[in-house]
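Open your viewer and get ready to click through a short tour. Each stop suggests a selection and tells you what is there.

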Amino acid sequence: MKKTFQDWIGSESFENGQQVETEFGTLLKRRYPEAREATLEEQFKHIDWICNKGSIDVKAMKAVSRGSELQDQLIWLEFKNKVGDNGWLYGEQDYIAFEYPMQYRIVPRIALASLAEYLCDISDMVDHASKALYRGYTREGMADLLSMITTCDLMTLNPQQLPKDASVQD
């Protein structure tokens, strides 16, 4: 049975994502007091927060495959969304903020998209999420196109860091 957005609302994954976005916003406002949550219209463009540095899409830590533990060594990338349209990698946001245990790492979306296109051979399709490192993966019953890169790959973009501990300054 094909899942819809309505099926996702209220799920554990949805609730975790909402909590992470809220936490990020609280930390962002400490650094940029003018920061604000995105409007519903902006959210459809993959924007969660806006400050004077630009618009930001927040990504919670994810498991490699459904039912496994959350982890911070591999990062899922969405080239196409579940209906086959451009994924968040090609949204209108300026930055992507990835959650890590001690901080958020923030990279320019355009630089991340270029890195992903360079590293990932999305035409080399695999049939299990666990095999999607640098390869294409589509979930059963969806029209999405996903891949993964490593945290080490992300670090080549020299991300800005937003510590979760307010006493830590970067």
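What pLDDT does the chain average, and what share of the residues score at least 70? This is a predicted model, so colouring by confidence is a sensible start. The chain averages a pLDDT of 90, and 88% of the residues score at least 70. Now select residues 1–8: here the pLDDT is below 50, and the stretch has five contacts in the model beyond near neighbours in sequence. Where pLDDT is low, the predicted coordinates should not be read in detail.

**The whole chain**

Switch to a cartoon view. The secondary structure comes to five helices and 12 strands. Of the 170 residues, 43% count as buried. Among contacts between residues at least 6 apart in sequence, 57% join residues at least 24 apart. If you turn on a surface, about 9900 Å² of the chain is exposed, with carbon and sulfur atoms supplying 51% of that area.

**Strand S7 and its partners**

Select residues 95–99, which are strand S7. Is S7 largely enclosed or largely open? Four of its five residues are buried, so the rest of the structure largely encloses this strand.

Add residues 54–59, strand S3: four bridges join S3 to S7, and the two run parallel. Within this pairing, look for Val 58, which stands opposite Ala 97 of S7.

Next add residues 103–108, strand S8. S7 and S8 pair in the antiparallel sense over five bridges. The two strands form a hairpin, with three residues between them. For one rung of this ladder, pick Phe 98 in S7 and its bridge partner Arg 105 in S8.

Stay in S8 and pick Gln 103. How buried is Gln 103? Its relative accessible area is 12%, under the 20% cut-off, so Gln 103 counts as buried. Leaving aside neighbours within four places in sequence, show what Gln 103 is in contact with: Phe 98, Gln 161, Leu 162, Pro 163 and Lys 164.

**Two nonpolar cores**

In soluble globular proteins, nonpolar side chains tend to be buried together. Which members of the largest nonpolar core touch the most other members? Show Leu 77, Leu 89, Phe 98 and Leu 112 as sticks: these are the ones, out of 17 residues in that core. Strands S6 (74–80), S7 (95–99) and S11 (145–150) and helix H4 (109–119) each supply at least two residues of this core. H4 gives the largest share, four residues.

Zoom in on Leu 89. Not counting residues up to four places away in sequence, Leu 89 touches Leu 77, Glu 78, Phe 79, Arg 109, Leu 112, Ala 113 and Ala 116. Apart from this core lies another, of 15 residues, among them Val 20, Cys 51, Ala 97 and Ile 106.

**Salt bridges**

How many salt bridges are there in the count? The count comes to eight, and three of them make good stops.

- Lys 45 and Glu 92: their side chains meet at 3.9 Å, N to O. Lys 45 lies in the loop between H3 and S2 and Glu 92 in the loop between S6 and S7, so the pair ties together parts 47 residues apart in sequence. Lys 45 is partly exposed at 29% relative accessibility, whereas Glu 92 is exposed at 55%.
- Lys 164 and Glu 99: the closest N and O atoms are 2.9 Å apart. This pair links the segment after S12, where Lys 164 sits, to strand S7, where Glu 99 sits, 65 residues apart. Glu 99 counts as buried, at 11% relative accessibility.
- Arg 135 and Asp 124: the closest N and O atoms are 3.1 Å apart. Arg 135 is in strand S10 and Asp 124 in strand S9, 11 residues apart. Both are partly exposed, Arg 135 at 30% and Asp 124 at 31%.

Now select Glu 23 together with Glu 99 and Lys 164: salt bridges that share partners join these residues into one network.

**Two backbone stops**

Which loop holds His 46? Look between helix H3 (40–43) and strand S2 (49–51). Phi of His 46 is near 70 degrees, a positive value in a residue other than glycine. His 46 is partly exposed, with a relative accessible area of 21%.

Finish at Asn 158, in the loop between helix H5 (151–155) and strand S12 (160–163). Asn 158 is not a glycine either, yet has a positive phi of about 50 degrees. With a relative accessible area of 66%, Asn 158 is exposed.

Definitions and conventions: Residues are numbered from 1 along each chain as its sequence is written. This is a predicted model: local features need pLDDT of at least 70, side-chain atom pairs count only at pLDDT 80 or more; totals for chains, interfaces and linings use all residues. Side-chain values use heavy atoms; hydrogens and water are left out. pLDDT is the predictor's confidence in each residue, from 0 to 100. Contact means heavy atoms within 4.5 Å. Buried means under 20% relative accessible area, exposed over 50%, partly exposed in between (1.4 Å probe, protein chains only). A nonpolar core is a set of buried Ala, Val, Leu, Ile, Met, Phe, Trp, Tyr and Cys residues joined through side-chain atoms within 4.5 Å. Two strands pair if DSSP finds at least two bridges between them. Accessible areas come from the Shrake-Rupley method with a 1.4 Å probe; for residues, only the protein chains shown count as cover. A salt bridge is a side-chain nitrogen of Lys or Arg within 4 Å of a carboxyl oxygen of Asp or Glu.
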